[in-house]
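Take a look at the chain below. This report walks through a few of its parts.

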Amino acid sequence: QSFLHQRHASSQCFRLPTHRSVHKLRETSCIPRLRSTEVFQPHNLVRNYKKDAKSTVEFPLSPITVTDIKQYLRSKDILFHDGYSCLHIPSIFIDAFTRKDSFSLFVDKTTGQFLCKDTLVEGSWEDLQDCLEVMQKDEQDSLSPHVLLGYPESLEEQEETEREQREVREIWSSSLPFTDLHDEEAQLVKAMFRITKISNATLKKFGVRLFKPTKSLVFPWFGGPDSSLKGIKLLSAQRTDGEKVAYNEATVPKCSSYFNLFGLALVSRMDSEVVVTGSELDTLAVSQGTGLPSVALPRGVSCLPPALLPYLEQFKRVTLWLGGDIRSWEASKLFSRKLGLRRCTLVRPGEFQPCPLEALSQGKNLSRIVKASIPAAHKSIVSFKQLREDVYGELMNTDQVAGVKWTRFPELNRILKGHRKGELTVFTGPTGSGKTTFISELALDLCMQGVNTLWGSFEINNVRLAKIMLTQFAMQRLEENLEQYDFWADRFEELPLYFMTFHGQQNIKTVLDTMQHAVYLYDINHVIIDNLQFMMGQENLSVDKFAVQDHIIGVFRKFATNSSCHVTLIIHPRKEEDDRELQTASIFGSAKASQEADNVLILQEKKLVTCPGRRSLQVTKNRFDGDVGIFPLDFIKSSLTFSTPIKGKHKLRKVAAKPENEEEVQENEVTVKKDEGKKEKATKTAKASQAAKCPANRNEKAK
Ligand SMILES: Nc1ncnc2c1ncn2[C@@H]1O[C@H](COP(=O)(O)OP(=O)(O)OP(=O)(O)O)[C@@H](O)[C@H]1O
């Protein structure tokens with residue numbers, strides 16, 4: 001034990017995150033103790049201003065593989081069960097007599113992170129190895145659960161934790177169980193939440209309460225060996241147009257620390273089947289409609305944190321019924337990879353298979369829907385019979401298939417239709433033209449809509465990048481309004497935004513390993529690489545550098561496809577000529593490389609004496625539906641944002657008829673052409689939304 005104490009004390013300089021105690025980590029997530037390459041979240045950055053500069057989450061120097069883990073365990077004569085996402089071993093934190101045959105310590109096969117379900121001790125693969133070494137050295141058969149040293153929380157953090165716990169207790173004790181409500185009131189609440197088909201017995205079984213002051217449903221988080229109350233989720237309902245209801249949720253502790261699989265407290269050790277849903281209300285519906293165990297993911301379809309995987313290991317069959325739209329369907333395919341494909345079956349959303357709550361409301365047979373779920377296991381060869389439902393789903397939901405729409409760039413929606421998973425976007429522009437600034441806003445827009453985003457900024461450091469993003473988020477010069485800093489930083493902190501902390505030249509393999517790791521940990525949907533030149537290496541200058549560049553583009557293409565993650569790659573153009581606009585051929589070394597990209601975007605800069613520095617965005621390739629075009633961008637220096645101009649009429653112009661570089665782009669014109677200029681079909685007038693463009697309005701919206 002003293003060895004461990006020393007080791008951990010001495011490793012404080014890189015043990016992360018330094019501001020949290022192990023206790024907090026135990027309760028919340030499993031953030032690995034890590035080494036060289038790093039990712040950090042805005043909240044760490046924000047805290048950097050206040051505190052130390054080491055609050056980063058790093059990645060293992062050399063990624064661990066399941067073979068390494070197995071070999072190590074065998075070398076220590078440790079028995080293990082090969083589970084779905086984890087290896088199961090007897091817990092070393094309970095004495096040999098008590099643990100008997102129980103394999104309650106789970107080691108994540110991808111990260112090596114471990115969790116003992118009996119004691120809630122958790123830590124990294126290195127921590128576990130340390131513990132095992134100490135046990136062997138001292139010839140002990142178990143260790144105290146307190147063997148791993150934690151970091152004391154700062155006063156501020158202790159107060160925050162205590163405040164949250166108080167809040168949880170207060171809200172919980174002042175909320176009413178449904179059985180305590182008058183019939184009429186209970187009916188009214190149910191009507192408000194559109195849950196009239198959910199019985200009082202189901203609400204009681206899951207411990208759902210009503211918090212009257214905010215008219216919210218309260219879902220409890222019971223956890224730990226003593227099944228104590230660890231947190232709550234509050235759900236409020238607002239009727240929108242017609243019959244539709246918009247739900248708003250808030251959690252205590254805040255969502256990044258809220259790791260409740262709602263419904264897990266009702267699962268027995270003997271249950272071998274579970275239905276995983278995307279919301280607490282869906283779990284109530286599944287439980288009532290099928291009688292099967294069901295759990296809801298704490299953050300819906302946006303992510304499945306690996307910290308939850310050990311709790312799902314006991315199930316031989318996992319049915320993912322995450323909702324009724326394409327986004328849920330995509331998420332269920334991704335999550336089934338983490339859970340182990342062979343035990344997962346998926347409910348395909350569709351007209352007759354809406355989300356569970358809707359299915360219950362419509363009187364459908366939920367058991368039948370679960371039974372009809374399709375195996376997730378991938379087959380390399382499929383027939384159209386297997387594809388026809390997918391094709392039908394895509395035809396039915398063209399808008400969802402087109403991806404997430406930008407709120408700040410309506411013209412981009414008109415040309416590209418949206419931001420889709422698994423695509424590769426290549427972006428270029430002249431040196432210093434504002435590529436980073438523009439892509440930063442483009443990515444921020446998506447991130448604000450829930451697209452989990454990872455930045456690889458090799459050129460400018462993360463503090464500068466985050467400063468740009470925060471300014472774009474707040475849409476104002478924060479230097480002059482420092483009193484508003486915390487207000488905006490608090491909101492910015494909530495974004496699903498992560499940064500790799502690489503700087504300068506990097507090895508492509510290290511970057512890819514890090515991206516892969518982040519996809520697993522945080523369900524990243526969008527990676528931005530700024531810029532590709534930082535992966536070219538300096539050594540092989542004799543090799544054709546464009547061949548190297550094309551190879552790297554190919555590697556990112558493969559990653560995007562395999563990980564179902566959108567990659568945006570910033571590339572410097574091969575050559576810039578003062579009097580010519582850039583073209584697709586200005587970027588790529590070969591036709592093959594331009595073939596790899598799904599979208600090619602060019603930030604054009606006009607070198608005009610009368611109008612210096614005027615920018616426009618040109619889409620020269622769009623694999624999704626072929627539309628290409630160009631629209632002007634206005635740069636607002638105070639907020640570092642780009643927006644389309646609102647003055648003047650939109651002129652139309654056929655791009656295809658002229659060479660790309662021949663004519664200056666007219667002010668305020670928007671053009672759209674089909675199939676990269678081959679078959680020009682439609683020229684559409686831009687219907688720019690005044691509100692989206694007006695900084696004042698946007699500011700209001702953001703607030
Ligand atoms: N449209 C614009 N008009 C004027 N200044 C701009 C514009 N866009 C960005 N800038 C400013 O120009 C500077 C360089 O921008 P940025 O770093 O985004 O360019 P870049 O194209 O990524 O540069 P590099 O070629 O070095 O990678 C920043 O200070 C930014 O605020």
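## Asn413 and its neighbours

Which residues does Asn413 touch, not counting residues up to four places away in sequence? They are Lys405, Trp406 and Gly418. One of these partners also takes part in a polar contact: the side chain of Asn413 reaches the backbone oxygen of Trp406 at 2.8 Å. Keep in mind that this is a predicted model.

Asn413 sits in helix H16, which spans residues 410-416. Is Asn413 buried or exposed? Its relative accessible area is 14%, so Asn413 counts as buried. The cut-off for buried is under 20%.

Lys417 lies in the loop between H16 and strand E18 (424-428). Its phi is near 80 degrees, a positive value in a residue other than glycine. Lys417 is buried too, with a relative accessible area of 18%.

## The whole chain

The chain has 703 residues, and buried residues make up 54% of them. It holds 24 helices and 27 strands. Its accessible surface comes to about 31,600 Å². Carbon and sulfur atoms account for 53% of that surface.

Now consider contacts with a separation of 6 or more in sequence. Residues 24 or more positions apart account for 66% of them.

## Two nonpolar cores

In soluble globular proteins, nonpolar side chains tend to be buried together. Here, the largest nonpolar core has 64 residues. Those with the most contacts inside this core are Met515, Ile524, Val527, Ile529, Phe556 and Leu569. Helix H20 (residues 508-522) gives the most to this core, with eight residues. Apart from this core lies another, of 40 residues. Leu416, Trp455, Trp488 and Ile570 are among its members.

Ile529 has a long list of contacts beyond four places away in sequence. Among them are Gly456, Phe458, Met500, Val511 and Met515. The list also includes Met535, Phe556, Thr568, Leu569 and Ile570.

## Around the ligand

How many residues lie around the ligand? There are 14, and Gly432, Lys435, Thr436, Thr437 and Glu459 come nearest. By class, this shell has four nonpolar, seven polar and three charged residues. Helix H17 (residues 435-447) gives the most to the shell, with three residues.

Several polar atoms face the ligand. A polar backbone atom of Gly432 is 2.8 Å from an oxygen atom of the ligand. For Ser433, a backbone N or O atom lies 3.2 Å from a ligand oxygen atom. Arg615 uses its side chain: a polar atom there lies 3.5 Å from a nitrogen atom of the ligand. Taken alone, the ligand exposes 640 Å², and the protein buries 73% of that.

## Two residues of helix H17

Thr436 lies in helix H17. Its relative accessibility is 13%, so Thr436 counts as buried. Thr436 touches Glu459, Ile460, Leu465 and Asp530, not counting residues up to four places away in sequence. One of these, Asp530, is joined to Asn531 by a cis peptide bond, with omega about -5 degrees. Asn531 is found in the loop between strand E21 (526-530) and helix H21 (545-563).

Glu441 lies in H17 as well. Why does Glu441 count as buried? Its relative accessibility is 0%, and buried means under 20%. Glu441 and Leu640 are 199 residues apart in sequence. In space they are 8.5 Å apart, C-alpha to C-alpha.

## Thr251 and a cis bond

Thr251 has its place in strand E12 (residues 245-252). It is buried, with a relative accessible area of 17%. Where does its side chain make polar contacts? A polar atom of the side chain lies 2.9 Å from the backbone oxygen of Pro253. The side chain of Thr251 also reaches the backbone nitrogen of Cys255 at 3.1 Å. Thr251 touches Ile232, Lys233 and Tyr258, not counting residues up to four places away in sequence.

A cis peptide bond joins Val252 and Pro253, with omega about -5 degrees. Pro253 is found in the loop between E12 and strand E13 (273-277).

## An exposed lysine

Lys215 is found in the loop between strand E9 (209-211) and strand E10 (216-223). Its phi is near 50 degrees, a positive value in a residue other than glycine. Is Lys215 buried or exposed? At 54% relative accessibility, Lys215 counts as exposed.

Methods: Residues are numbered from 1 along each chain as its sequence is written. This is a predicted model: local features need pLDDT of at least 70, side-chain atom pairs count only at pLDDT 80 or more; totals for chains, interfaces and linings use all residues. Side-chain values use heavy atoms; hydrogens and water are left out. A nonpolar core is a set of buried Ala, Val, Leu, Ile, Met, Phe, Trp, Tyr and Cys residues joined through side-chain atoms within 4.5 Å. Buried means under 20% relative accessible area, exposed over 50%, partly exposed in between (1.4 Å probe, protein chains only). Helices (H or I, at least four residues) and strands (E, at least two) are DSSP runs, numbered from the N terminus. Contact means heavy atoms within 4.5 Å. A residue is near a molecule or strand if one of its heavy atoms lies within 4 Å of it. A polar contact is a pair of N or O atoms within 3.5 Å; within protein, one must be able to donate a hydrogen and the other to accept it, and residues adjacent in sequence count only if both atoms are side-chain atoms. Accessible areas come from the Shrake-Rupley method with a 1.4 Å probe; for residues, only the protein chains shown count as cover. Ala, Val, Leu, Ile, Met, Phe, Trp, Tyr, Cys and Pro count as nonpolar, Asp, Glu, Lys and Arg as charged, and the others, Gly among them, as polar.
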